[in-house]
Amino acid sequence: MDKKTKHASIEHILSQGLVKPQTTRESIAEMLRTIGFRFIFWDTGYSFFFTAVTIVGVLVLFCFAPDDYRYSASIAVAPLFFLLITMFAETSERACGLYELKQTCRYTIQQITALRVMCYSAFSFVFTMVITTISTDSGHEFLSLFPLCLSALFICATLGISFMRFLHGTWVNVVFSAVWVFVNIIIPFSLGQEWEAILREMPIAFSVVLAVLGGAALAYQISKMLSEVKKYAIA
């Protein structure tokens, strides 16, 4: 038997005997097929309702924001959907003691939460696009503001997931949302027109790089959350 045939035989034996670990994409697809959207978002109807009502109220106030602070206001509002839905949905379950009950024998609460976060992020992406569209008057303004809003969304989501991964208290999402809103209020009020000027004059290429890095950090945190099985699994 020559070396080539011997190597091919070894590769064939290994491929038949070893189980290849799933990629993140394969793992997500299998979880979606097994659990389904109906059970991933089971009993979250009230949370979506309160999120929608709050967003409508904020958007009414947003329409009255001065044009001189349009960039600051847009960036502050862009992560709003993600903040509200995680605060209402995740906090209500933890406070009512339902969080652990939704854990299945096959998947952990961390993995189910990761799937939810992915869906929240997708909806938030659309919401960010809507906010940017109604805040800009030209294509150049849209290209300038949209990456900044996306950066704010991705950074907010990444930090939010980090809080959920490492802190398991009932009110962790409420505290994080309060801190994020406070920071986004205090910065424009402290710096005023200077903050708005910094945002408006930021190069588009830099904003795009910032958004890409934020998206990569969010994807990394979600993949880590999906793979954290041993620590939280009950079976």
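**Entry 1: a salt bridge in α9**

I began with the side chains of Arg200 and Glu196, which in this predicted model meet in a salt bridge with a distance of 2.9 Å from N to O. I then looked up where the partners sit, and found both Arg200 and Glu196 in helix α9, which covers residues 193-201, with four residues, or about one turn of the helix, between them. How many salt bridges does the count come to? I noted that the count comes to one salt bridge.

I also wanted to know how far each partner reaches the surface. Arg200 has a relative accessibility of 35%, so I wrote it down as partly exposed, since partly exposed covers the range between the 20% limit for buried and the 50% limit for exposed. Glu196, with a relative accessible area of 1%, is buried.

**Entry 2: Arg70 and its surroundings**

From α9 I moved to Arg70, because its list of contacts, with residues up to four places away in sequence not counted, includes Glu196 and Arg200. The other residues that Arg70 touches, again without those up to four places away in sequence, are Phe62, Cys63, Ala65 and Ser135. Over which ring does the charged end of Arg70 sit? I found the charged end over the ring of Phe62, at 5.4 Å from the centre of that ring. Arg70 belongs to helix α4, and its relative accessibility of 12% makes it count as buried, because the limit for buried is under 20%.

**Entry 3: the rest of α4**

I next looked at α4 as a whole, which spans residues 70-77, and I asked myself why it can be called largely enclosed by the rest of the structure. The reason I noted is that seven of its eight residues are buried, so the helix is largely enclosed by the rest of the structure. The buried residues, as I listed them, are Arg70, Tyr71, Ser72, Ala73, Ser74, Ile75 and Val77.

I picked out Ala73, which is found in helix α4 and is buried with a relative accessible area of 17%. Leaving aside residues up to four places away in sequence, I saw that Ala73 touches Phe62 and Ala65. I also checked Ala73 against Cys149, and found the two 76 residues apart in sequence and 10.0 Å apart in space, taken from C-alpha to C-alpha.

**Entry 4: aromatic rings**

I then searched the whole structure for aromatic pairs, and the search finds seven of them. For Phe163 and Phe176 I wrote down ring centres 5.0 Å apart and planes at 50°, so the pair is tilted, as angles from 30 to 60 degrees fall between stacked and edge-to-face. This pair links distant parts of the chain, with Phe163 in helix α7 and Phe176 in helix α8, 13 residues apart. Is Phe176 buried or exposed? Phe176 is buried, with a relative accessible area of 8%, whereas Phe163, at 31% relative accessibility, counts as partly exposed.

Phe176 also takes part in a pair with Trp180, whose ring centre lies 6.3 Å from that of Phe176, and the planes stand at 35°, so I noted this pair as tilted. Phe176 and Trp180 are four residues apart in helix α8, which means that about one helical turn separates them. I found both Phe176 and Trp180 buried. Elsewhere, I noted that ring pairs link Phe49, Phe50 and Phe88 into a cluster.

**Entry 5: a nonpolar patch**

On the surface I looked up a nonpolar patch, formed by Trp171, Val175, Val179, Phe182, Val183 and Ile186, which together have about 570 Å² of accessible area. Where does Trp171 lie? I placed Trp171 in the loop between α7 (139-166) and α8 (172-191), and with a relative accessible area of 53% it is exposed.

**Entry 6: the chain as a whole**

I closed with the totals, and recorded ten helices and zero strands in the protein chain. Of its 235 residues, 43% count as buried. Among the contacts between residues at least 6 apart in sequence, I noted that 81% join residues at least 24 apart. The accessible surface of the chain comes to about 13,600 Å², and 71% of that surface belongs to carbon and sulfur atoms.

Note on methods: Residues numbered from 1 in each chain as written. Predicted model: local features only at pLDDT ≥ 70, side-chain atom pairs only at ≥ 80, totals over all residues. Heavy atoms only, no water. Buried < 20%, exposed > 50% of the residue type's maximum accessible area, 1.4 Å probe, protein only. Helix = DSSP H or I, 4+ residues; strand = E, 2+ residues; numbered from the N terminus. Patch = residues over 30% accessible without salt bridge, like charges linked within 9 Å, V, L, I, M, F, W, Y side chains within 5 Å. Areas by Shrake-Rupley, 256 points an atom, 1.4 Å probe, with all protein chains shown as cover. Salt bridge = Lys/Arg side-chain N within 4 Å of Asp/Glu carboxyl O. Phe/Tyr/Trp six-rings, centres within 6.5 Å; stacked < 30°, edge-to-face > 60°. Lys NZ or Arg CZ within 6 Å of the ring centre and 35° of its normal. Contact = heavy atoms within 4.5 Å.
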